[in-house]
Amino acid sequence: MEMVNRPYAAAFESYAVKNPEVLCLSADLTSSCEIDGFRDRHPGQFLSMGMAEQNMLSFAGGLGLAGFRPFIHTFGVFLYRRPYDQLMASIAYPRRKVRLMGFLPGITTPGGMTHQAIEDISVMRTIPNMTVLETGDATEVEGIVEAADSIDGPVYARVLRGSVPRLFKDPMKVGELRVLSEGSDVLVITAGITTEEAMRAGGALAKVGVSVRHLHLNTLKPFDARAILDHAASVRYGVITLENHLIAGGIGSMTAEAMAEAGMGRRLIRLGLKDTYAHGGSKPYLMRYYGLDAMALVKAIEDLTGQQTGIDEDALDSVRVDAVHSAVKAEAL
């Protein structure tokens, strides 16, 4: 597994310089969102809006009206909690081509509840006209700029930063899920950082005879309910969703809605944050503490299938541990 350092920085600069209508907006988190190099080399396409997110979103809506395609860069929480009314009235309602690049999704930050976007999917997917994307590896981070800019309307993207693993060879395609394994016992649906965890568990599960069908999502809205139902109907025991988000309103809820509306009587287990804010800590620690890691998935599969696998932490591939303070994670936030 290759680790790629700051894939977003290179991808955004490469794309933006070829498209002068693309403008780079920052909310005083320029280095933290990997656009400091772009600011220095292309000041004519860069706007620093300061810590004033409500004004920034309204301003971006105006830029969209004028024919520009602004990319807003800040932490995910600051794109919908503070400026919700401006998001609705200035961007979503008039369908402006504004690209909301939300960094630090879920528990990928040690910053605690003020910086952790744990309910962003549930909020953003309910907003009319909004497309919701999520990156799961370096390849998808490299492709997120072009993918977001292909949408005729506003886009919210959950973006990984810093040192990111490369899990996929093929570029992301909006609206097309990835089938990572085609097992027949259990359907596992993941997105973002939880995909790596499910892949960690996959080898150990195969060795003990559990056949997993694993789907990775990078397009959360529009949600491909038909494809999910087709895969769910082809497994023996049921479905497990694993997400870096509250289970209320996220991928688990979307899957439950699709199954209920289709009258599919299959069991569903939703793994993710359960009606709680997360405290600060490293990503591996938080994933283990809140049950978002490979071991939590193994236990859920045991519950779903009714059989003990005997898999423990030693049987899983070694987890990648991110340093909280590092050169690739500016300000440790």
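**View 1. Helix H7 passes helix H11 in a right-handed crossing.** This is a predicted model, and the first close-up looks at how two of its helices meet. The axes of H7 (residues 194-207) and H11 come within 8 Å and cross at roughly 55°. H7 and H11 therefore count as oblique to each other. On the H7 side, look for Glu-197, Ala-198, Arg-200, Ala-201 and Leu-205; on the H11 side, the partners are Ala-294, Leu-297, Val-298 and Ile-301. Sort the residues of this H7-H11 contact by class and you get seven nonpolar, two charged and no polar. The spacing within each helix is worth a glance, because an α-helix has 3.6 residues a turn, so residues three or four places apart point the same way.

**View 2. Gly-306 sits in the segment after helix H11.** Helix H11 itself covers 294-305. Is Gly-306 buried or exposed? Gly-306 counts as exposed because its relative accessibility is 65%, above the 50% cut-off. To get a feel for the distances here, try Tyr-156: its C-alpha atom is 39 Å from that of Gly-306, and the two residues are 150 residues apart along the chain.

**View 3. Helix H1 packs against helix H6 in a right-handed crossing.** H1 runs over residues 7-16 and H6 over residues 138-149; their axes are 8 Å apart, at an angle of about 30°. That angle makes H1 roughly parallel to H6, since angles under 35 degrees are put in that class. H1 brings Pro-7, Tyr-8, Ala-11, Phe-12 and Tyr-15 to the contact. H6 answers with Ala-138, Val-141, Glu-142, Ile-144, Val-145, Glu-146 and Asp-149. The tally for this H1-H6 contact is nine nonpolar residues, three charged and no polar.

**View 4. Helix H1 is mostly covered.** How many of the 10 residues of H1 are buried? Eight of them are. The buried set is Pro-7, Tyr-8, Ala-9, Ala-11, Phe-12, Glu-13, Tyr-15 and Ala-16. Among them, Pro-7, Tyr-8, Ala-11, Phe-12 and Tyr-15 are also the H1 residues that touch H6. Note that a charged residue, Glu-13, is on the buried list too.

**View 5. Helices H3 and H4 lie side by side at an angle of about 5°.** The axes of H3 (residues 53-65) and H4 are 8 Å apart. H3 and H4 are therefore roughly parallel to each other. Gln-54, Leu-57, Ser-58 and Gly-61 come from H3, and they meet Gln-86, Leu-87, Ser-90 and Ile-91 from H4. What classes of residue make up the contact of H3 with H4? Five are polar, three are nonpolar and none is charged.

**View 6. Cys-24 and Cys-33 are buried cysteines that are not bonded to each other.** Why is there no bond between the sulfurs of Cys-33 and Cys-24? The two sulfurs are 9.1 Å apart, which is too far for a bond; a disulfide would need them within 2.5 Å. For Cys-33, the closest cysteine sulfur is that of Cys-24. Cys-24 counts as buried because its relative accessibility is 0%, and Cys-33 counts as buried with a value of 0% too. Don't go hunting for a disulfide elsewhere: a search of the whole structure finds zero.

**View 7. Three backbone oddities turn up in loops.** As background, most residues other than glycine have a negative phi, and most peptide bonds are trans.

- Arg-95 is not a glycine, yet its phi is positive, at about 55°. You'll find Arg-95 in the loop between helix H4 (84-92) and strand E5 (99-103). With a relative accessibility of 40%, Arg-95 counts as partly exposed.
- Asp-275, another non-glycine residue, has a positive phi of about 50°. The loop here runs between strand E14 (267-273) and helix H10 (283-289). Asp-275 is exposed, with a relative accessible area of 80%.
- Pro-222 follows a cis peptide bond: the link from Lys-221 to Pro-222 has omega near 5°. Pro-222 is in the loop between strand E12 (219-221) and helix H8 (225-232).

Conventions. Residues numbered from 1 in each chain as written. Predicted model: local features only at pLDDT ≥ 70, side-chain atom pairs only at ≥ 80, totals over all residues. Heavy atoms only, no water. Helix = DSSP H or I, 4+ residues; strand = E, 2+ residues; numbered from the N terminus. Buried < 20%, exposed > 50% of the residue type's maximum accessible area, 1.4 Å probe, protein only. Axes fitted to C-alpha atoms, helices over the stretch in contact; angles between N-to-C directions. Parallel < 35°, antiparallel > 145°, perpendicular 65-115°, else oblique. Left-handed = near helix turned anticlockwise from the far one by under 90°. Contact = heavy atoms within 4.5 Å.
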